[in-house]
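I am opening my notebook on this structure. My entries are short, and I go through them one topic at a time.

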Amino acid sequence: MEVFATAVPALSDAWGLILQPIVLGYLVLGVVMGLAVGVFPGLGGIAGLSLLLPFMFGMDPILGLALMIGMVAVVPTSDTFASVLMGIPGSSASQATVLDGFPMAKKGEAARALSAAFASSLFGGLVGATFLTMFILVARPIVLAFGLPEMLMITILGLSMVAILAGRIPLKGVAAAGLGLMVGTIGEADAGGSLRMATYDIPYLTDGLKLVIVGLGIFAVPEIVSLLRQDRSIAKGASLGAGWLDGVKDWAANIWLSVRCSIIGVVVGVIPGLGGSVVDWIAYGHSVQSTKDKSNFGKGEVRGVIGPESSNNAKEGGGLVPTLLFGIPGSGSMAIFIGAVALLGSGDIEVGPSMLKDNLDITYSIVWLLALANVVGTILCIAASGGIAKLTTIRFTYLAPFLFMLISFAAFQSGQNFEDLLALFGIGLIGIFLRRFDWSRPAFLIGFVLSNPVEKFTNQAFQIASFRFRKSFGEGMEYVFSPIVIVLIVVTVVSVILGIRQAKMIMAEGEVKSGSKRAPLIFLLVIMAYLIVALVNANMIPDYNMTDKIIPLVIGSVSLFCCVILLIQMMRRPEGDAIFADKEIAGEDASAPHGLWSTLAWFASLIAATWVVGFILALIGFLIAFLRIRAGSSWQMTLILTACGIGFMCLMAGALNRDFPPGLLQDMVNLPWPLK
Amino acid sequence: MTISNFTRRAVVGLIAAAGIAAPAAAEVDFSGKTVEWVIPFSETGGSAKWANFFAPLLSEALPGQPTVVVKFMPGAGSTKGANWFQEQSHDDGTLLFGTSGSTQFPYLLSDPRVRYEYNDWIPVMASGTGGVAYLNVEDGAKFDGSANALKDTNFIYGSQGATRLDLVPLLAWQMLGMNVEPVFGIKGRGDGRLMFERGEANIDYQTSSGYLGGSAPLVESGQAVPMMTWGALDADGNIVRDPTFPDIPTFKEVCEATDGCETTGEAWDAWKAFFVAGFPVQKLAFLPGDTPQEVVDAYTAAFQAVTERGDFADISSKRVGKYAVFVGDGSKAALQTATNVDDNAKAYVLNWLKEAYGVELN
């Protein structure tokens, strides 16, 4: 109990450090900057922190920490705007929020969804900080107890959420997840460096596809295109129903769900190497399982927002443990944070074991600055949510060009290649068809997100386990079947069984009518063709690089097997069976005034023009043409909106010191920024 | 190892060609400009830390005090950014490029993705680091300054990949006759240390700063035993004890004490060549090849001024580790040592990679 004796004075020292007007001022400044930066989906924390880095050199540590933490803390809060209002998953932390948040916005309940999300975020952040204050003292041995078999099991638990999100035809869900896993293996293998479905002639593919692009392509592009075709506002009937107070009441009514998901968030966040990728799915799965009436999930169930949002801010707190105690960043922004801490003051603070011994007051300051930043950020966000929710009542045709602008820019920032835009378009197409034929998009995304951890942990755990087994059988068993692993296996099995029973009630894509055989069959055959090519490709990897081929071979075979069964079912079942779900048969998409391809052509034209004249020039042309022709607005309106869009883009990119995609023109002529 | 000492062993012709760095180039003025320092890695790596440390100092020291911003262009293990820099030419002297061992190794190993040529670029600053290998307590007890008693033990090591900087420790252990099985696919040395702490790996190595921050506390608390450093280079290019860790023997000493390990011959030459490219000259800053001499001089003078700051030793050791920093001619010599690996050494390593790990780079 000696540790606790030192903890209490350190905690009061920490509060002494935090509760100074100037520290709070820097915190608020950081929060405001974080919110401004957070507008960009998929960019937030990392871009903002890099921007602050030059100022960190020699800065008073507590002020620098307040500024940086203020900025990092609000990203999982502010990216909720994009998830709920536009269906754009801002980061891996807000993917599950899209599932129910966006349908709520479509029902005209954007303000309610937002304030429920913010209230949950705030609460999650506070629960996380309280938990951490005690936990951080004893965390080290617990973190070390999570070896590779344990991490593999948590990853599998995350994957098991596919069972819940598989949709009406479970096989389709499994195949979608398998496809996601396979897409995730594209590129250079981590272990042996073999290429999977890539070639050195296309360097872009060797790095694999980025999560930002896949998230945007799978969720955002299909929704934007669909809404644009229907030419309506996001909120049906352009009216806002429930207000922000209702959302807070919703949260209060589900406070225990919020508590449980917060704890899930902290605990999973504590484990290094997993980061945020599984937390929100596990929380979402838990929300579904603990809800009696599951029929509303996927259609705008507020519990589907409260769960993931409670966990994702708590996770940020949990992520501090590996970051501060082991110097191992849980996320990209935490990695920059570690680098920045070294620049502070006289450079005395170094993350690692000393954070508990010599710098416990600083550690506690960080924990509670994070909690405080959550409070400030949430209050600002709730205050803004009523107004920002009105965006959902605007005719979507006026929003769409700016959303294309935003997602293109966000995609480009992930790798700074023109190919990023092509990949966004390609994945977007996959997303559109998954949506159309009612293949579970969340399952695909879970597969993609967990592809790398599954492969890495499987290979590494296998290698170390066989090493232990060679020593002695007992030692091997002890390593593989530790108590934690056994508990996780039980949890996983229970969640899969419950999930399969419940999956049919949860329709992430809403009701989908079924139609003729032809289109769904063609889509299935295309997926099968890809899987076969990927399998052949993986099989060509020489056997001494077994680590690089085993996972694609196994996953690919399982997915292909599912597809073959689906194919047989499709041949035997009559037209109109649920297996032939097709959104183009009936419903919103089918009755939309604009066709799919003509709508998609607008997006394609922006990308094509970017290839020729660079992003900003292409964007000017795109915005003017779109607003004049598609939206049919007056010249005056067109020019004003275009100027606003370009101005906003340049202002943000300029402040964040980011470039735009260049085109052929820029190769030939040297143009000044932002045209270069 | 001092800058002037290092300079003396530089290739004579290069010194002559380089001319003498003027203390201040009056005609170069960066007032109101923004210098972009492009790093071919992500925001989160060690090179980012390195550039972010030097950027504000460089900004103060350059004539006209331009803003120096660090830009990131990650991809294909840094070869994407390096290929891009190869295409750049001098504009107004506001482009600086940083490389690391991860850029040097693919170049040395003729990775098919490499479309850049180090000798086309003008180095203005170079810095290095050291590395320390350590063992778990059980096996550390068997270590007596030689690896003789370690040859029957099976070791597990968390590795980022055999063609990366990990080539240096893996080859060293192999030369000592130790049986080290690498577990590939970890993302950074921090993850390797965590694997060691969890007891899944029983041997590990860290660069100097990583060792001081994370592993030295393990040694202090009796959870790890230091084995050897890679050493440092003296003025004549000999491997000597790392000044940061004077009490830990070098690999060279351990090799000499171990039966069957030779400090001459092709294996040793190959190891030393890659050690030099990966550690004493790990990170370099370049200007495009056609940069006029007065701009080069301005950068040289600026980096010189940075390293001559009264507090430089203090602030740099805390933030980027106790790195030796070479400027101007020193950096040219450093580049030469780092990128000239003789063909036999290269062939030896390529063959070893293929035999031991099945890695073929073509």
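Leaving aside neighbours within four places in sequence, which residues is A:Leu369 in contact with? I count two residues as in contact if their C-beta atoms, placed from the backbone, lie within 7 Å. I found A:Ile18, A:Leu27, A:Leu65, A:Ala66 and A:Ile69.

Ground rules next. I am reading a predicted model, where local features need pLDDT of at least 70, side-chain atom pairs count only at pLDDT 80 or more, and totals for chains, interfaces and linings use all residues. Residues are numbered from 1 along each chain as its sequence is written, while chains are lettered from A and ligands numbered from 1 in the order in which they are written.

**Entry: the core.** I looked up the largest nonpolar core, a set of buried Ala, Val, Leu, Ile, Met, Phe, Trp, Tyr and Cys residues joined through C-beta atoms within 7 Å. Buried means that 20 or more other C-beta atoms lie within 10 Å of a residue's own, again placed from the backbone. This core holds 333 residues, and A:Leu216 and A:Leu369 touch the most other members. Helix α7 (residues 110-145) of chain A gives the most to this core, 17 residues. I take helices from DSSP runs (H or I, at least four residues) and strands likewise (E, at least two), numbered from the N terminus.

**Entry: chain A as a whole.** I listed 30 helices and two strands in chain A. Its radius of gyration, taken over C-alpha atoms, is 25 Å. The globule rule (2.2 Å times the number of residues to the power 0.38) gives 26 Å for 676 residues, so chain A is as compact as a globular protein of that length. Of its 676 residues, 59% count as buried.

**Entry: domains of chain A.** I noted domain 1 (2-499), domain 2 (512-580) and domain 3 (596-668). The bounds come from an automatic or database domain assignment. In chain A, 22 residues of domain 1 are in contact with 24 residues of domain 3. On the domain 1 side, α20(A) gives the most, with 10 residues. By class, that side has 17 nonpolar, four polar and one charged residues. Here Ala, Val, Leu, Ile, Met, Phe, Trp, Tyr, Cys and Pro count as nonpolar, Asp, Glu, Lys and Arg as charged, and the others, Gly among them, as polar.

**Entry: chain A meets chain B.** How many residues does the contact take from each chain? I read 46 from chain A and 37 from chain B. The chain A side divides into 22 nonpolar, 19 polar and five charged residues.

Conventions. A residue is buried if 20 or more other C-beta atoms lie within 10 Å of its own, exposed if 12 or fewer, and partly exposed in between; C-beta atoms are placed from the backbone.
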